[in-house]
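Okay, thanks for coming, everyone. I'd like to walk you through one structure today, so have a look at the screen while I talk.

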Amino acid sequence: MDDDAAGEHTERSLILDLALALAEDRRRDIVKKTKNGLDSARARGRVGGRVGGRRPVVDDDKRRVILARRAEGQSIREIAAAVKVSVGVVHKTLSPAAAPVDS
């Protein structure tokens, strides 16, 4: 019994071509709308950093507590549970890049 579906198929069907064209068109629309939204937000001063964005979870008091507890030798998980932030937030706070800049 020959299996017609076995092996490589080099022909593309009209339906597949149509689906691929629709998907590409949708992708282009999403890219265009995303760029327009970012441009609009940038014009309003709302892109990057904290300008009108989400407030940081760790304020100066929490930063001091995290740094002090780490200096005492507590684990990152213990610190995160005590300060009620995620382990990732504690890691970010302890990283050298997160050190506050003195001006």
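**Starting from one isoleucine**

Let me begin with Ile66. Leaving out residues up to four places away in sequence, Ile66 touches Val58, Ile79, Val83, Val90, Thr93 and Leu94. Keep in mind that this is a predicted model.

So where does Ile66 sit? It's found in helix 2, which runs over residues 60–71. And is Ile66 buried or exposed? Buried: its relative accessible area is 0%, and the cut-off for buried is under 20%, so Ile66 counts. One of its partners, Leu94, is 28 residues further along the chain, yet the two C-alpha atoms are separated by 7.8 Å.

Now let's zoom out for a moment. The protein chain has four helices and zero strands, so to speak a plain α-α-α-α pattern when you read along the sequence. There are 103 residues in the protein chain, and 11% of them count as buried. The accessible surface comes to about 9,000 Å², with 54% of that belonging to carbon and sulfur atoms. And if you take contacts between residues at least 6 apart in sequence, 30% of them join residues at least 24 apart.

Okay, back inside. Which residues make up the largest nonpolar core? There are eight: Val58, Ile66, Ile76, Ile79, Ala80, Val83, Val85 and Val90. Helix 3, residues 76–83, gives the largest share of this core, with four residues.

That brings us to how helix 2 and helix 3 meet. In general, you describe two packed helices by the angle between their axes and the distance between the axes. Here, helix 2 and helix 3 pack at an angle of about 145 degrees, and their axes are 10 Å apart. The crossing of helix 2 past helix 3 is right-handed. On the helix 2 side, the contact is made by Lys62, Val65, Ile66, Arg69 and Arg70, and helix 3 brings Ile76, Ile79, Ala82 and Val83. Sorted by class, that's six nonpolar, three charged and no polar residues.

Let me pick out Ile76 from that list, which lies in helix 3. Ile76 has a relative accessible area of 15%, and since buried means under 20%, Ile76 is buried. What does Ile76 touch, not counting residues up to four places away in sequence? The answer is Arg70, Val87, Val90, His91 and Leu94. Take Val87: Ile76 and Val87 are eleven residues apart in sequence, and 6.4 Å apart in space, C-alpha to C-alpha.

One last stop, and it's a bit of an oddity. Most residues other than glycine have a negative phi. Lys84 isn't a glycine, and yet its phi is positive, at about 65 degrees. Where is Lys84? It's in the loop between helix 3 and helix 4, and helix 4 covers 87–94. With 74% relative accessibility, and exposed meaning over 50%, Lys84 counts as exposed.

To wrap up, if you take two residues home, make them these: Ile66 is buried, at 0% relative accessible area, while Lys84 is exposed, at 74%. Okay, I'll stop there.

Key. Residues are numbered from 1 along each chain as its sequence is written. This is a predicted model: local features need pLDDT of at least 70, side-chain atom pairs count only at pLDDT 80 or more; totals for chains, interfaces and linings use all residues. Side-chain values use heavy atoms; hydrogens and water are left out. A nonpolar core is a set of buried Ala, Val, Leu, Ile, Met, Phe, Trp, Tyr and Cys residues joined through side-chain atoms within 4.5 Å. Buried means under 20% relative accessible area, exposed over 50%, partly exposed in between (1.4 Å probe, protein chains only). Helices (H or I, at least four residues) and strands (E, at least two) are DSSP runs, numbered from the N terminus. Contact means heavy atoms within 4.5 Å. Accessible areas come from the Shrake-Rupley method with a 1.4 Å probe; for residues, only the protein chains shown count as cover. Axes are lines fitted to C-alpha atoms, for helices over the stretch in contact, and angles run from 0 to 180 degrees between N-to-C directions. A crossing is left-handed if the near helix is turned anticlockwise from the far one by less than a right angle, and right-handed if clockwise. Ala, Val, Leu, Ile, Met, Phe, Trp, Tyr, Cys and Pro count as nonpolar, Asp, Glu, Lys and Arg as charged, and the others, Gly among them, as polar.
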